[in-house]
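Subject: Structure for you to look over

Dear colleague,

I am passing on the structure that we talked about, and below it you will find my notes on what I found. Please read them with the model open beside you.

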Amino acid sequence: MAEEQVNTNEEQELSTDPVSLDLFLKDNVDTQLDKKAIKIKGMKAPFVIQTISSKRFKEIQNEATTTSVNRRTGMKSQSVNQSKLTDLMMVEGIIQPDLNNAQLQENWGHVADPIGLLQDMVVRSGDYANLATEITSLSGISNNDDASEVDQVKK
């Protein structure tokens with residue numbers, strides 16, 4: 001029995017035919033970031049998250065990356081601190097509440113510490129993980145394989 005190939009509408013609309021360059025000009029491209037409300041148990045208002053742009057993700061990734069040199073061989077290697085990357089992505093992706101708000105930080109006892117603030121605000125680890133998943137999903141980042149995710153961003 002032959003398998004029937006199913007294409008989504010988006011795939012059916014794609015074409016390799018040349019198109020006008022005008023379609024790629026800034027005024028013709030939607031660059032707005034997607035937003036989504038997420039309910040957190042115990043909070044009276046939802047958290048609002050948004051897409052992290054590719055440019056900002058690269059900056060965050062660089063901030064979470066360390067370079068070390070093997071003293072014997074002189075070879076450089078880089079490693080991404082996945083926990084730090086996730087925390088930085090969450091601070092960037094959450095737009096409500098404003099985790100950088102001084103009054104909110106002071107109230108929770110985390111002055112100049114938006115990551116600590118978020119960790120105290122979101123009590124349940126499942127909710128914290130769900131927020132991270134929602135932000136990466138909204139941003140188009142796959143959670144299937146962290147190594148391939150980093151490789152995709154580098155391309």
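I begin with S139, which, when residues up to four places away in sequence are left out, touches Q50, T51 and I52. This residue lies in the loop between α6 and α7, the latter covering residues 146-154, and although S139 belongs to a loop, it is buried, with a relative accessible area of 17%, the cut-off for that class being under 20%. S139 also has G93 at 8.8 Å, C-alpha to C-alpha, while the two are 46 residues apart in sequence. Please bear in mind throughout that this is a predicted model, and that what follows was computed from it.

As for the chain as a whole, its secondary structure comes to 7 helices and 5 strands, and from the N terminus on the elements run α-β-β-α-β-β-α-β-α-α-α-α. The chain has 155 residues, of which 28% are buried, and it exposes about 11,600 Å², with carbon and sulfur atoms supplying 48% of that area. Of the contacts with a separation of 6 or more, 52% are accounted for by residues 24 or more positions apart.

The helix pair that I would look at next is α2, residues 54-63, with α3, residues 82-93, which pack at an angle of about 145° with their axes 9 Å apart. Their crossing is right-handed, and the contact is made by R56, F57, I60, Q61 and E63 on the α2 side and by K84, L85, L88, M89 and E92 on the α3 side.

Two of the residues in that contact, R56 and E92, also form a salt bridge, in which the closest N and O atoms are 3.0 Å apart. Since E92 lies in helix α3 and R56 in helix α2, the pair ties together parts that are 36 residues apart in sequence. R56 forms a salt bridge with E59 as well, here with the closest N and O atoms 3.1 Å apart, but in this case both residues lie in helix α2, 3 residues apart, or about one turn of the helix. That spacing can be read against the general geometry: an α-helix has 3.6 residues a turn, so residues three or four places apart point the same way. Taken together, R56, E59 and E92 are linked in a network of salt bridges. None of this network falls in the buried class: R56 is partly exposed at a relative accessible area of 26%, E92 counts as partly exposed at 27%, and E59 counts as partly exposed at 37%.

The count of salt bridges comes to 3, and one of them lies outside that network, namely the bridge between E134 and K36, with the closest N and O atoms 2.6 Å apart. E134 lies in helix α6 and K36 in strand β1, so this pair ties together parts that are 98 residues apart in sequence. K36 is partly exposed, with a relative accessible area of 35%. Helix α6, which spans residues 125-138, also holds N130, whose C-alpha atom is separated by 9.5 Å from that of I40, 90 residues away along the chain; N130 is partly exposed, with a relative accessible area of 32%.

Turning to the buried parts, helix α5, residues 114-121, has P114, G116, L117, L118 and M121 buried, and these buried residues pack against β2 (47-50), α3, β5 (94-96), α4 and α6. On the α4 side, Q105, which is found in that helix at residues 102-108, counts as buried at 6% relative accessibility. Leaving out residues up to four places away in sequence, Q105 touches L99, N100, H110, V111, A112, D113, P114 and L117, and two of these, P114 and L117, are among the buried residues of α5.

What, by contrast, makes up the nonpolar patch on the surface? It is formed by V19, L21, L23, F24 and L25 and comes to about 540 Å². Within this patch, F24 lies in the loop between α1 (9-13) and β1 (35-38), and F24 is exposed, with a relative accessible area of 59%.

With best regards

Key
Residues numbered from 1 in each chain as written. Predicted model: local features only at pLDDT ≥ 70, side-chain atom pairs only at ≥ 80, totals over all residues. Heavy atoms only, no water. Patch = residues over 30% accessible without salt bridge, like charges linked within 9 Å, V, L, I, M, F, W, Y side chains within 5 Å. Areas by Shrake-Rupley, 256 points an atom, 1.4 Å probe, with all protein chains shown as cover. Salt bridge = Lys/Arg side-chain N within 4 Å of Asp/Glu carboxyl O. Helix = DSSP H or I, 4+ residues; strand = E, 2+ residues; numbered from the N terminus. Buried < 20%, exposed > 50% of the residue type's maximum accessible area, 1.4 Å probe, protein only. Axes fitted to C-alpha atoms, helices over the stretch in contact; angles between N-to-C directions. Left-handed = near helix turned anticlockwise from the far one by under 90°. Contact = heavy atoms within 4.5 Å.
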